[in-house]
Every structure is written in C-alpha cells, then in structure tokens.
Amino acid sequence: MAFDINMIKKVYAQVAERVDAAREVTGKPLTLAEKILYSHLWDGKAKSAFTRGKDYVDFAPDRIACQDATAQMALLQFMQAGKKKVAVPTTVHCDHLIQAKVGATVDLQTALNNSNEVFNFLESVSNKYGIGFWKPGAGIIHQVVLENYAFPGGMMIGTDSHTVNAGGLGMVAIGVGGADAVDVMAGMAWELKFPKLIGVRLTGKLSGWTAPKDVILKVAEILTVKGGTGAIVEYFGPGATAMSCTGKGTICNMGAEIGATTSTFGYDESMERYLRATDRADVADAANEVKEYLTADPEVYANPEQYFDQVIDINLSELGPLLNGPFTPDLSTEVGSAMTEKATANDWPLKVEWGLIGSCTNSSYEDLSRASSIAQQALDKGLKTKAEFGINPGSEQVRFTAERDGILDVFEKLDAKIFTNACGPCIGQWGRYEDPKNAPKNSIVHSFNRNFAKRADGNPNTHAFVASPELTAAIAIAGRLDFNPLTDKLINENGEEVMLDEPTGWELPPKGFEVEENGYLEPVADGSGVEVVVDPNSERLELLTPFEPIGDDVKGAKLLIKAFGKCTTDHISMAGPWLRYRGHLDNISNNCLIGAVNAYNKKTNFVKNQLTGEYDGVPTVQRAYKAAGVPTIVVGDHNYGEGSSREHAAMEPRHLGVVAVIVKSFARIHETNLKKQGMLGLTFVNESDYDKIQEDDTINFLDLDAFAPGKTLNLEFVHSDGSKDVIEVNHTYNDSQIEWFKEGSALNLIKKQNA
Ligand code: SF4
C-alpha cells in the first residue's frame with residue numbers, strides 16, 4: 001500500500017469542524033499553518049487559542065518517516081514499547097548509507113556489502129511492526145515521501161531535518177529526534193511549541209534562468225541561517241501558485257537551512273497535477289472537496305501583515321539566478337561579475353571541478369529535465385564540459401522515467417557519473433578522495449541544500465556553492481564559478497563563440513511516470529511471526545535492554561564531569577565517525593561527553609576517577625564507576641544539550657550509569673529526552689551553586705523519595721575536606737514524567753501499560 005487513502009479521508013472528514021472551532025477560539029481568519037496545526041490537536045477540537053512562540057501543544061501527526069541512519073535507534077527503542085504495530089503509518093527509507101563513488105550499480109552493491117546487517121535489521125523490524133520499507137536504491141526519503149505519502153493539509157514528522165520538504169505538497173512536515181518519533185509510533189502525543197508564522201509573498205513569475213531554488217537562496221540571504229528559528233514559513237501569492245509542486249518542495253526543503261520549524265504552501269492546481277501524475281487521483285479528488293481548508297483564509301493573504309509575525313516580499317520577475325556559499329547556505333552572490341569580485345577578494349578558487357545535481361532538494365523529474373536541457377546544448381553546440389558531472393536521481397521512479405525519456409543519456413554522453421538514487425555526496429558519502437583531510441583547495445557547485453565545510457567530500461578545502469540544477473549544469477560546463485549564462489559566451493571545440501540558451505523542461509513527464517521495481521516492501525499483515533535478527537557480535541547493532549529504575553535512594557554518587565561553557569548534543573554525543581554506531585548503544589557510548597570541557601582543567605575527555613585518583617577519558621572513567629556500582633552525576637552550564645534532538649545524548653549517560661544531570665539551564669528537547677530515559681534533569685535554584693561543586697565531591701540525594709511536581713529537591717555535596725553544601729535544585733517533571741522516572745523510562749511505562 002503506497003499510501004493510506006482512508007487515513008487521508010479521515011483527516012479531511014474532520015478538517016472543517018476543527019478549523020471552524022479554531023477560527024472561533026482565535027477570533028480571526030487563519031493562516032494555512034494554523035489550520036493544519038489546529039486540525040491536528042491531540043485533544044481534538046480547539047478549546048482555546050495558543051500563543052505563538054510560547055505555548056507547548058500536543059499534536060497528533062498523520063505519518064512518520066525515518067531514514068536509515070536515524071531509524072536504527074528509533075526502531076530499537078520502539079521494540080521496547082511492547083506494541084504489535086506502529087500506531088500511525090510509518091515508513092523507513094534506506095538512503096544515507098550508500099556511498100557515491102563509481103556509479104549506481106557498483107556503489108549500491110558496495111553499500112549492501114558494507115551495511116547489509118543494518119538494512120536487514122531495518123527491513124525485518126519494519127515487516128514485524130507494520131512499517132513500509134524502502135530498500136537501498138529506492139530513493140531519497142523526502143523525494144519518495146513527496147511522490148507517495150505527502151498530502152495537502154496533513155501533518156507528518158520524520159527523523160531527518162529535511163522532512164520539511166513535504167511542505168511542497170501542502171503539509172506541515174517537521175524533522176524530529178528519534179525519541180519523538182518513537183512516542184508517536186507508540187501511540188503517544190507529540191509536543192511542539194506553537195510556532196511563530198512568517199509569510200513570504202511571491203509576486204511576479206519565474207522565467208529564464210531563475211528557478212524555485214533561487215527563491216529559497218534569496219530567502220536564506222534575507223533571513224540568514226537563524227532567521228526562521230521557531231517559525232513556520234508560509235508562501236503565497238501569484239508567484240507561488242505558478243510554480244510546480246516539486247519546485248515548492250525545493251523551497252520548503254531548504255527551510256531547514258534558515259532554521260525554520262517547517263515551510264508550506266496552500267493547495268493549488270500544481271499540487272493537484274502532481275498528485276494525479278503520481279497515481280494519487282483519489283487524494284486529489286478528496287482534497288478538492290475541502291480545498292478551502294487547505295489554504296489560508298482569503299483575508300490573511302489580502303492583508304498578511306496583520307496575521308503573520310513577519311512578512312517578506314519577493315518579486316520573482318526581478319529575481320536572478322544565485323549562487324550561495326561557500327561554507328554557509330545564506331551567503332548569496334548573483335552570477336557573473338559580482339562573483340568574480342567576491343571570489344577574488346576572498347581567494348575562492350574560480351575554477352569549478354564538479355557539478356553535482358541531486359539530493360532531496362533538487363532531484364525531481366523537472367530538475368533533471370531542465371538541467372539536461374543545458375547538458376544537451378553542450379552536445380549540440382560542440383562544447384566540452386570543463387568540470388565533472390555527478391547525478392543522484394531522487395527516486396527509482398524519477399530515475400527510471402528519466403532514463404526512458406533519454407534524460408540520463410544526455411548526461412552520460414557528457415561522461416557524467418550517475419550515482420545511486422540516494423543521498424551520496426550530500427551527506428559526505430562521496431568517495432572523491434582517498435585522503436580527504438589533505439586534499440587540495442577547490443570549488444564545486446551543487447544543487448543540494450547544505451554546504452558546510454567537509455559536508456560533501458570530507459575535504460575542509462572544498463568550497464561548495466549551492467545553485468539550481470540548471471545553473472549547476474551551466475557552471476559545470478563552463479568550469480568557472482563566475483560564469484553568467486545570461487551574458488557570457490563559451491568557446492566550442494571548433495573555436496567558435498556560443499551561448500547557452502535558457503533552460504527548458506517538463507514540470508511532469510509528458511508520457512507519465514513509470515517504474516518497474518520501485519524498491520518498496522509492504523509489511524506483512526500479521527508480523528507476530530517475523531523474527532528480528534541481530535548478531536550478538538555485531539559492532540553496529542545491539543538490541544536494547546530496558547533501563548532499570550534509578551530508585552529513590554541515591555547516596556554516595558560521584559561527580560563524573562562539571563562541564564564548562566557550551567555543552568551541545570555534539571559535545572555529549574559526537575557525530576562524524578560515530579554515526580557508524582548509531583544502532584549500538586554500548587559502542588556509541590564510547591563517545592559519551594568526550595567533547596565536553598572539564599571545568600577543573602579546561603580539557604576535553606580528561607576527568608578524574610575518584611576511585612583511583614587517576615585522570616582518564618570520560619567514558620573510561622564512567623565505565624569504572626559503573627563496574628564499581630557507583631552512581632554519578634553530570635553538572636553543566638547554561639542551555640545544556642542545545643543542538644540536535646538526538647536521543648543518544650540522553651541514552652548514553654543513562655546507559656553508562658549517570659543518574660542526574662544538574663545544570664544552570666537546559667535546552668528543552670534534551671531535558672525532555674533525559675526525562676524519557678528515566679533520568680533526573682535538574683536545574684540549580686541558585687545558579688551560583690554551580691561554583692560550589694568540587695571535583696572530589698560525593699553526592700547524596702536527601703529527599704528523592706518525595707519527588708513530586710513543583711517541589712524542589714535537595715542534594716548534599718560532601719567535599720574532600722569533610723565540609724558540606726546542601727544545594728537546592730528545581731525540576732519540571734509532571735506526574736506522568738515522574739512515573740517515567742519511577743519505571744526506569746517512558747518506554748518501560750508504555751510497556752507496562754500495554755501488558
Ligand atoms: Fe539529508 Fe542530503 Fe539525504 Fe537530503 S539528500 S536527506 S539533505 S543527506
């Protein structure tokens with residue numbers, strides 16, 4: 001079953017009543033984002049209005065999507081919940097663990113050889129618990145979601161930050177951590193701070209070399225990488241409706257690059273065309289019946305300044321092609337002489353070595369067809385491409401159709417490498433260099449979303465610039481960063497001057513989409529007999545053991561580390577090479593807090609083992625405490641645990657025996673993750689008490705047996721000279737979160753309730 005039409009009809013059956021109720025409680029016309037949010041409240045119809053940017057609200061998403069890197073721990077946790085099936089439709093997509101090096105066939109086989117145990121695990125868990133499984137090579141999660149599952153007015157969450165791509169089909173789609181996805185899979189609500197709303201009014205019309213990608217590159221320039229934080233960006237206006245559905249997807253996709261919670265567009269004819277072209281006429285028919293609820297109320301777009309927190313205007317007729325980068329996606333430069341100046345001033349290499357087209361951002365049929373129209377001109381006009389080409393189609397359906405229609409052939413005639421339908425170079429899975437750290441300075445252009453140092457090829461000296469697929473193709477052919485296809489001539493093999501004409505392409509394949517084997521595996525109806533196999537000797541996967549409750553009598557605890565300054569989830573659980581162990585809690589725990597700075601010596605991964613008096617790495621010392629049965633605490637500064645929502649940052653200390661994290665303040669998601677794992681996340685009543693804590697302290701919890709909502713706790717810190725400080729700490733646990741603590745974790749409680 002590619003999608004669940006009954007689920008969609010159920011959402012549409014209640015949308016009118018719920019939106020009407022929301023209009024009544026807010027007393028005003030509603031934006032599209034508000035309609036979707038208010039029609040997905042966990043408690044049903046709205047009873048009161050929520051304050052944007054302030055109120056935390058429980059939602060009931062319609063769908064979940066997980067990619068292979070994040071799905072491992074999410075599914076390992078879900079297996080702990082004791083459920084027979086996931087509570088909402090869920091899919092798993094194998095796209096991140098496939099390297100791009102030689103070409104699709106060889107690279108896919110290499111990935112299967114290297115990561116088969118992970119793929120097999122994900123496939124068997126999916127089969128057992130009713131989760132749709134997209135095999136390696138089936139496509140990139142967000143393109144596959146857009147083609148198969150996204151629907152106007154829906155709400156989905158996904159364990160990947162570019163889940164937001166589905167806004168191109170009128171959804172509120174949000175990237176979350178694995179722990180949030182597990183809650184929803186297990187039938188619980190999903191909590192989100194009610195977002196602020198940014199409106200982007202698009203007037204005029206895209207034409208010539210300007211593409212949807214340039215819209216979001218412009219928005220990134222205006223808002224910067226932080227400007228969308230905590231907000232949903234809603235696009236509207238004649239420029240929006242004139243744009244293709246996949247073009248809208250590109251714009252929403254890169255909303256992640258401005259920090260936005262998500263982005264979305266109102267339902268329109270481009271979405272209807274896309275739904276029908278992707279074999280979902282029934283969804284289009286159902287959407288047409290409630291279409292006034294799938295876009296904002298007319299008063300909102302007529303007078304947006306009154307209803308959005310911020311409004312941005314972009315006239316598409318005045319927008320030109322942009323090149324954003326290097327090293328940040330919000331640094332915009334117009335093509336041509338402006339780039340010559342900037343590149344020269346900043347010593348960016350003007351010679352371009354690669355042009356990469358693909359990623360979830362720009363790998364649709366339209367993207368490939370427009371880029372191939374430029375590639376075809378190189379062939380027709382006798383131009384030899386100066387840079388190499390790499391192509392990652394977004395899905396097998398796109399690849400198969402593009403191959404049928406001769407699009408891939410055009411690129412192949414230019415010696416392009418057609419990589420697997422997967423993330424590949426977009427996530428550093430690019431076998432470009434044997435030794436990337438010592439690779440030379442160079443420039444590349446790609447149609448992806450992120451261009452941080454080392455992101456594509458691991459080489460810190462690669463200057464990556466983000467552009468539309470058609471501009472990427474033109475720049476790859478010219479081999480120069482400052483090539484302006486609107487004005488510049490190129491010399492062909494006969495020594496003649498030629499110019500590239502404007503790109504052309506098809507919004508949708510004229511002969512329709514086609515695919516022989518889309519790579520989808522439907523789970524069996526009854527998965528109870530499916531066995532999930534994990535090799536006990538595996539270094540990448542490990543079944544989880546339920547955490548034991550910490551109990552209410554913690555005495556004689558030691559200080560593992562007092563973290564100094566910033567301590568993000570990257571400091572607590574580093575990424576990079578550790579990604580390999582995301583499905584193996586014990587192995588990945590060897591990175592626990594290795595990036596945190598020890599307040600006593602200002603060094604990382606160098607803390608005192610109070611049992612021996614020796615200094616060693618944090619995981620080694622903590623394992624020694626665990627072996628000796630000694631509980632520990634971690635102390636931190638402000639905004640502890642900011643960064644990603646990765647649950648490993650809470651699971652690792654919990655697994656290794658840390659009982660409490662006491663800080664000046666928490667990043668909220670990390671605090672919640674600690675609660676879910678059955679740990680204590682506490683904050684100093686007096687921030688200055690942070691300074692009283694000494695390296696050799698022994699800690700006794702004085703009143704944990706009276707743990708209750710709204711009641712502070714007291715901890716006795718016994719210093720090495722025998723003196724004592726009693727420190728009062730706050731917490732934000734409510735009754736059910738205290739139950740999580742008492743049961744050892746939220747999942748333990750769910751399992752108990754199921755039983
Ligand atoms: Fe993430 Fe890139 Fe894959 Fe998209 S293509 S899901 S941005 S790694």
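The following paragraphs describe the domains, the ligand shell, the nonpolar core and selected local features of a predicted model.

The protein is divided into three parts, namely domain 1 (5-318), domain 2 (333-498) and domain 3 (557-754). The C-alpha centres of domain 1 and domain 2 are separated by 28 Å, and the contact between these two domains takes 34 residues from domain 1 and 37 residues from domain 2. On the side of domain 1 that touches domain 2, the helices α4 (104-129), α5 (141-148), α7 (212-223) and α9 (245-253) each supply at least two residues, and the largest share, five residues, comes from α5. Sorted by class, this side of domain 1 holds 13 nonpolar, 14 polar and seven charged residues.

The ligand is surrounded by 13 residues, of which S359, C360, C423, C426 and I427 come nearest. Six residues of this shell are nonpolar, five are polar and two are charged. Both domain 1 (5-318) and domain 2 (333-498) contribute to the shell around the ligand, with at least three residues drawn from each.

The largest nonpolar core comprises 232 residues, and those with the most contacts inside this core are L122, I475 and I633. Helix α4 provides the largest share of the core, eight residues; α4 (104-129) is also among the helices that supply at least two residues to the side of domain 1 facing domain 2 in the contact. For I633, when neighbours within four places in sequence are left aside, the contacts are with A557, L559, L560, V658, V659, A660, I662 and I699.

The UniProt record, in an unreviewed entry, lists residues 559-686 as "domain: Aconitase A/isopropylmalate dehydratase small subunit swivel". In the model, the end C-alpha atoms of residues 559-686 lie 19 Å apart, and the span is 28% helix and 19% strand. Helix α23 (residues 668-676) is largely enclosed by the rest of the structure, because eight of its nine residues are buried. The buried residues of α23 are I669, H670, E671, T672, N673, L674, K675 and K676, a list in which lysine and glutamate side chains appear alongside isoleucine and leucine. Just after α23, G678 adopts a positive phi of about 80 degrees.

Two further positions illustrate partly exposed sites, one in a strand and one in a loop. T203 is found in strand β8 (residues 196-203) and counts as partly exposed because 14 other C-beta atoms lie within 10 Å, whereas a buried residue would need 20 or more. Although T203 and N315 are 112 residues apart along the chain, their C-alpha atoms are separated by 4.7 Å. Not counting residues up to four places away in sequence, T203 touches G237, P238, G239, N315 and L316. Y433, by comparison, is placed in the loop between β16 (417-418) and β17 (442-446), and Y433 is likewise partly exposed because it has 14 C-beta neighbours inside 10 Å. With residues up to four places away in sequence excluded, Y433 touches A439, D457, G458 and N459. Y433 and M339 are 94 residues apart in sequence, and their C-alpha atoms are 27 Å apart in space.

Several backbone features were also identified. Most residues other than glycine have a negative phi, and most peptide bonds are trans. Against this background, the peptide bond from G325 to P326 is cis, with omega near -5 degrees, and P326 is found in the loop between β12 (322-324) and β13 (332-334). D279 is a residue other than glycine with a positive phi, near 65 degrees, and its place is in the loop between α10 (269-277) and α11 (281-289). D279 is partly exposed because 15 other C-beta atoms lie within 10 Å. K602 also has a positive phi, of about 60 degrees, although it is not a glycine, and K602 is placed in the loop between α20 (585-588) and β23 (607-608). In contrast to D279, which is partly exposed, K602 counts as exposed because it has 10 C-beta neighbours inside 10 Å, where the limit for an exposed residue is 12 or fewer.

Definitions and conventions:
Residues are numbered from 1 along each chain as its sequence is written. This is a predicted model: local features need pLDDT of at least 70, side-chain atom pairs count only at pLDDT 80 or more; totals for chains, interfaces and linings use all residues. A residue is near a molecule or strand if its C-beta atom, placed from the backbone, lies within 6 Å of it. Ala, Val, Leu, Ile, Met, Phe, Trp, Tyr, Cys and Pro count as nonpolar, Asp, Glu, Lys and Arg as charged, and the others, Gly among them, as polar. Domain bounds come from an automatic or database domain assignment. Helices (H or I, at least four residues) and strands (E, at least two) are DSSP runs, numbered from the N terminus. Two residues are in contact if their C-beta atoms, placed from the backbone, lie within 7 Å. UniProt positions are given in the numbering used here, feature names are shortened, and annotations may be inferred rather than shown by experiment. A nonpolar core is a set of buried Ala, Val, Leu, Ile, Met, Phe, Trp, Tyr and Cys residues joined through C-beta atoms within 7 Å.
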